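Biologist: Could you walk me through this structure, and tell me how each label is earned?

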Amino acid sequence: MAAGVFLDYVDPWINWDWLGSHVPLVLATLWQHVELTAVAVVAGLAIALPLGVIAHRSGSLRLAVLLVFGVFYTIPSLALFAALVPYTGLSGTTAEIPLIGYNVLILVRNVLVGLDEVPKDVLDAADGMGYRPRARLLRVELPLAMPSIFAGLRVAIVSTIGLVTITAIIGLGGLGALIYKGLIESFHTPLVVGLVLSIVLAVVADLAAAAAQRLAVPWARAA
Amino acid sequence: MSLLGLVWQWFMDPQHWQGSNGVPTRLVEHLHLSVESVLIGAVIALPIGIALGHYGKFGTVAINISNTGRAIPSFGLLVLAFQVFGLGDGPIILALTALAIPPMVTNSYVALREVDPDIKDAARGMGYRELAQVLRVELPLAVPLIMAGVRTSALQVVATATLAAFVAGGGLGRYIVDGYATQVYQEMVAGAILVAGLALATELVLAVLQRALVPRGLRLLKAPTTRRAAVFKVA
Amino acid sequence: MNRRPLWMMAALAVAAIVAAACGGTPSSSATSTPSKGTLTVAGFNFPESSILAYLYGKSLEHDGYKINYKVNLGTREVVAPALESGQIDLYAGYAATDLEYYDKKAGEATGDVTLTVQRLNNHLQSMGLVALNASAAVDQNAFAMTKANSQKYNATKLSDLAPIGNQLVLGAGPECPTRPYCEPGLKSTYGITFKDFKALDTDGPLTRAAFASNTIQVGLVFSSDGDLTKLGLVVLQDDKHLEAADNVVPILRQQAATDEVRAVLNKVDSNLTTTDLITMNSQVSIQHQDPDAVAVAYLQQHAYFA
């Protein structure tokens, strides 16, 4: 394996001077990353919840939804971002469409599994108690499906945070822009900062989601 | 001509099926990167996960390692590998292996933990010694979940290998990166179709392999844990 | 069962996330005086283009405009459509290569920069775009070998490569096989057919690493690179004049090309020299100074050409 780039300037893995004078840049990329992730996860959930509920009732719709979004899921994100550029430009929309699509698959699957696993006895009991279908859904089934939905949320959040870095190729990237800058300019510091902050962001987000889960569904076994 | 028409033409063009930028070459490159990474990853991850699961040690680490593993952006890891080790397949495989290891460690750990303790007792009672017990009793029962881990890793690696093109790697990602740089959409779409196809094929092959490896008795029991095996999108 | 707190919590969480996402964006470093308008300046995916983007952008900022920067945006094939569609307002082009892009490889570019820019504007006119005055600063494609290889193959000029092309691997950005001044040009003007082409990057770290590991023997570099000697690279002479007048020239949307914007940009261009480019490039590539810091330092040194 060849040695790395052969410049005489000894490029430390973190140049603290550079970091100190570029805090606004780092914060701006971090913010962009959070924004892109939040929109993708929230929109994905907003689509997946109703979609999952409807698909749960209908076997054929369920198959169709899983098939369509499942195939979408196997397409590499790089290809989707690149292919959308001529249609939606070098914009947040281009980044969000694939990200939301992936999240819908992850979340719909978990919504379906969650609803599937509601014990039949509970459903019978609810019916027996006089719950109408919509009330039964909102007050019995969905709450019981929460652990599974939260598990899906955690997967969606961490996945999205990783995928956002790839949008650097279309001029966005969040923290990925730092990574990309490090690559193009043969510069270690932005690469390391981008990489480390992405990991930290993902770990923090995952922990926050786990904490939110414990708050919302305290009876659930930790996933 | 519509984009789909152009893509069709791209696939029909014999030029695209020969030479160093032809589909067979790129496919082989992609497979080479993926298979090596998953194999090396498995050689490292499975023994560790199995051992930890069998003895029940370091559970929190084993379970959380895949959490931390998925938190690493694959793009950044590839660039890091390039900056540390330079050009070539080696650094790329190193990065991909690092990504492949966590799911396999976690899944094999959980797989071994979920083996019914009564069965383990029975085996011990029958006189099985440690290694034999693991190999002949616990492993066969753990295969479904272990294979789920291997499948997860394999899919992640196949998807991430497309990013190798960013650091002058070969593979099917070249069509996407080069197509984007020159804005030749049919090349991009063709590359996307090829990678998606490869991912589906990988899934199929490993599903068949899993069926072959799972002992018949188990196959009849539907293991509910495999349904929950979440496939993370990392590239 | 009382599920209200659960849903309230969920709704609050969602609202909080959405509010946070849509809410504060960090304020950019704009001037505090009321702005004359906002422009988006883009750059290609190599450092020199970032430097030029900041040179133009910072001088416009100094003049009271608010500038959004989109550096490292991609190749010309990505940046030019973005300009056409109005997603960006301005980028620093190179006269001959841009002409070859906009004339769809008709081969109109020449060594005469005035003529080249004139022809460029003929094409840009109908697209709502315009090229301003070209600078004296030039950055052409250049093909280099390591010193060792140059001696080994006894090659000092490009025509030396014609008989041995099939032993050599060419490395450049992925757009090279389709650019008239790159691989096709080498073939038609010099008769060089390479053994293989390796898609790397546009004169970036991948190309340099490929030189170092001898993965490529001939690579595309830029004539204004600051670190060629340092890297032990030898530029092969373009004896048959494949490369044409690649002077730096701002290309922008006609809408954005107000008299004032033109004045500011032309002032920068008329003072920029190739030596300046080389110096700024080496500050970025060797000393790892930031492109924007380098650009601002240059402008301040020249008092923004006021």
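Modeller: What follows is a set of questions about labels, each answered with a value and a definition.

Modeller: This is a predicted model, in which local features need pLDDT of at least 70, side-chain atom pairs count only at pLDDT 80 or more, and totals for chains, interfaces and linings use all residues. Residues are numbered from 1 along each chain as its sequence is written, chains are lettered from A and ligands numbered from 1 in the order in which they are written, and side-chain values use heavy atoms, leaving out hydrogens and water.

Biologist: Thanks! How many helices and strands are there in chain B?

Modeller: Chain B has eleven helices and zero strands. Both labels are DSSP runs, numbered from the N terminus: H or I over at least four residues for a helix, E over at least two for a strand. The C-alpha atoms of chain B fill a box of roughly 70 × 40 × 25 Å along the principal axes.

Biologist: And which elements does chain C have?

Modeller: Chain C has eleven helices and ten strands. One of its helices is H9, residues 259-271.

Biologist: How do you know how the reach of H9(C) compares with what is expected?

Modeller: The expected span is 1.5 Å times one less than the number of residues. H9(C) has 13 residues, for which 18 Å is expected, and its first and last C-alpha atoms are 19 Å apart, close to that value.

Biologist: Which residues of H9(C) are buried, and what covers them?

Modeller: Val261(C), Val264(C), Leu265(C), Asn266(C), Val268(C) and Asp269(C) are buried. Their cover includes strand E1 (38-44), helix H2 (47-62), strand E3 (90-94) and strand E10 (248-253) of chain C.

Biologist: Why is Ala168(B) called buried?

Modeller: Buried means under 20% relative accessible area, exposed means over 50%, and partly exposed lies in between, with a 1.4 Å probe and protein chains only. Ala168(B) has a relative accessible area of 8%, so the residue counts as buried. Its place is the loop between H7 and helix H8 (173-181) of chain B.

Biologist: What does Ala168(B) touch?

Modeller: Contact means heavy atoms within 4.5 Å. Not counting residues up to four places away in sequence, Ala168(B) touches Leu87(B), Arg174(B), Lys198(C), Ala199(C), Leu200(C) and Leu206(C).

Biologist: Why is Ile48(B) called partly exposed?

Modeller: Ile48(B) has 41% relative accessibility, so partly exposed is the label that applies. Ile48(B) lies in helix H2 (residues 23-55) of chain B.

Biologist: What makes a nonpolar patch out of Ile48(B) and its partners?

Modeller: Patch residues have over 30% relative accessible area and no salt bridge; nonpolar side chains (Val, Leu, Ile, Met, Phe, Trp, Tyr) are joined within 5 Å, like charges within 9 Å. Leu27(B), Leu31(B), Val35(B), Leu39(B), Ile40(B), Val43(B), Ile44(B) and Ile48(B) form such a patch, with about 650 Å² of accessible area together. Accessible areas come from the Shrake-Rupley method with a 1.4 Å probe, and for residues only the protein chains shown count as cover.

Biologist: What makes Arg151(B) and Glu203(B) a salt bridge?

Modeller: A salt bridge needs a side-chain nitrogen of Lys or Arg within 4 Å of a carboxyl oxygen of Asp or Glu. In Arg151(B) and Glu203(B) the closest N and O atoms are 2.8 Å apart, and the pair forms a salt bridge. Arg151(B) lies in helix H7 (residues 130-160) and Glu203(B) in helix H9 (residues 185-213) of chain B, so the pair ties together parts that are 52 residues apart in sequence.

Biologist: Which residues does Lys36(C) pair with?

Modeller: Lys36(C) meets Asp63(C) in a salt bridge at 3.4 Å, N to O. Lys36(C) also meets Glu260(C) in a salt bridge, at 2.5 Å. That second pair links distant parts of the chain, 224 residues apart, with Lys36(C) in the loop between H1 and E1 and Glu260(C) in helix H9 of chain C.

Biologist: How many salt bridges cross between chain B and chain A?

Modeller: The rule finds zero across that interface, while a search of the whole structure finds 19 over all chains.

Biologist: What makes up the interface of chain B and chain A, then?

Modeller: The contact takes 41 residues from chain B and 49 residues from chain A. Buried area is the accessible area (1.4 Å probe) that two parts lose on being put together, summed over both. Here the buried area is about 3,800 Å², with carbon and sulfur atoms giving 73%.
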